[in-house]
Amino acid sequence: MTHPDLIVGLGTADDAGVLALPGSGGRALVQSVDYFTPIVDDPRDWGRIVAANALSDIYAMGAVPLVALQLMGWPRDDIPLHVAGRVVEGGAEIMQEAGCVIAGGHTIDLKEPIYGFAVTGLADAGAVVTNGGAEVGDSLILTKPLGSGIVATAHKAGACPAEVLAAAVEVMTALNDVAGSHLADAKAATDVTGFGLLGHLAEMLDASGVGASIRVDAVPVLDGVMELYERGFYPDGSRRNLEAMQGRLAGRVDRAPILADAQTSGGLLVTLPPDVAEAFIASVPGSVEIGRITGAVGSIELG
């Protein structure tokens, strides 16, 4: 769909839609929606993870979240409603932390529980950050460690150490607000979620007409994840991500499975001119430079 006020739509697989607000002095609405089934047993933690994940699309565009609508499907005959209440409490906790108002929502009876949010944010129309502006020579920065998909898979099998799960939950419930507020110099940005680092990077490269080189040893990974992977815990979604990257990758492809791991509420992937990358890293806790943007259009070199 096209419209004269539509700044970002479906064309480049970006994180959110952006619509200019006529008569607003150059402001724009930024909108996204996300929901998923439980990935942890604790209902409050699930709610917190869902909310942080939904907000990330707004932060990735350089916007500030304003208002959200809840989406819930609940098997009322199989799981008590007070459990749903705990999920909602967790979601509200994170939304309040973000300063985002929950204005309502909708719930349906469903065989499997789902929970999510439609979030609306506000940004300066001329300062919206898309996934399509990466330039050759840019530093490639990641703001959270990888591995939540592998952790969730091991957890579902009852094989994830408690401390590894706790660390993953802490990462997944952490807002990307600080990173989102430091995108003024960013050339491109996206959040790392279901398609994994490689999948979301590939979308960025295609939208920008560039390539990338990744230093695999620099990519942060949650403690304990490599051990779980070596024990055979690897999500089906991650396998599909890895298959989709065939033909794009070169170099140390043995590390590709971790980079393709399907994430939930992952970090932001940001490209910045090298002369401002250090300042970004100093301002955004946990951020790491993992590589550079290259001119080898569409390809990803793992070094």
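This short talk goes through two helix pairs, a few loop residues and the cysteines of the structure above.

Before I start, please keep in mind that this is a predicted model, in which local features need pLDDT of at least 70 and side-chain atom pairs count only at pLDDT 80 or more, while totals for chains, interfaces and linings use all residues. Residues are numbered from 1 along each chain as its sequence is written, and side-chain values use heavy atoms, with hydrogens and water left out.

Let me begin with helix α1, residues 43–60, and helix α2, residues 81–98, which pack at an angle of about 35° with their axes 7 Å apart. Helices here are DSSP runs of H or I with at least four residues, strands are runs of E with at least two, and both are numbered from the N terminus; axes are lines fitted to C-alpha atoms, for helices over the stretch in contact, and angles run from 0 to 180 degrees between N-to-C directions. The crossing of α1 and α2 is right-handed, a word used if the near helix is turned clockwise from the far one by less than a right angle, with left-handed for anticlockwise. Among the residues that meet, where contact means heavy atoms within 4.5 Å, are Trp46 and Leu55 in α1 and Val87 and Ile94 in α2.

The second pair is helix α3, residues 148–156, and helix α4, residues 162–172, whose axes lie 10 Å apart at an angle of about 135°. This crossing of α3 and α4 is left-handed. Here Ser148, Val151 and His155 of α3 meet Val164, Leu165, Ala168 and Met172 of α4.

Two of those residues, Ser148 and Met172, come back when we turn to Thr264, which also touches Phe36, Ile39, Ile49 and Asn53, not counting residues up to four places away in sequence. Thr264 sits in the loop between α9 (256–259) and β11 (268–272), and is buried at 17% relative accessible area, where buried means under 20%, exposed over 50% and partly exposed in between, with a 1.4 Å probe and protein chains only.

In the loop between α9 and β11 we also find Ser265, which is buried at 1% and has a positive phi of about 50° although it is not a glycine. Ala13, in the loop between β1 (6–8) and β2 (17–20), has a positive phi too, near 55°, but is partly exposed at 38%.

Finally, how many disulfides does a search of the whole structure find? It finds zero, a disulfide being a pair of cysteine sulfur atoms within 2.5 Å. Cys100 is buried at 5%, and Cys160 is buried at 15%.
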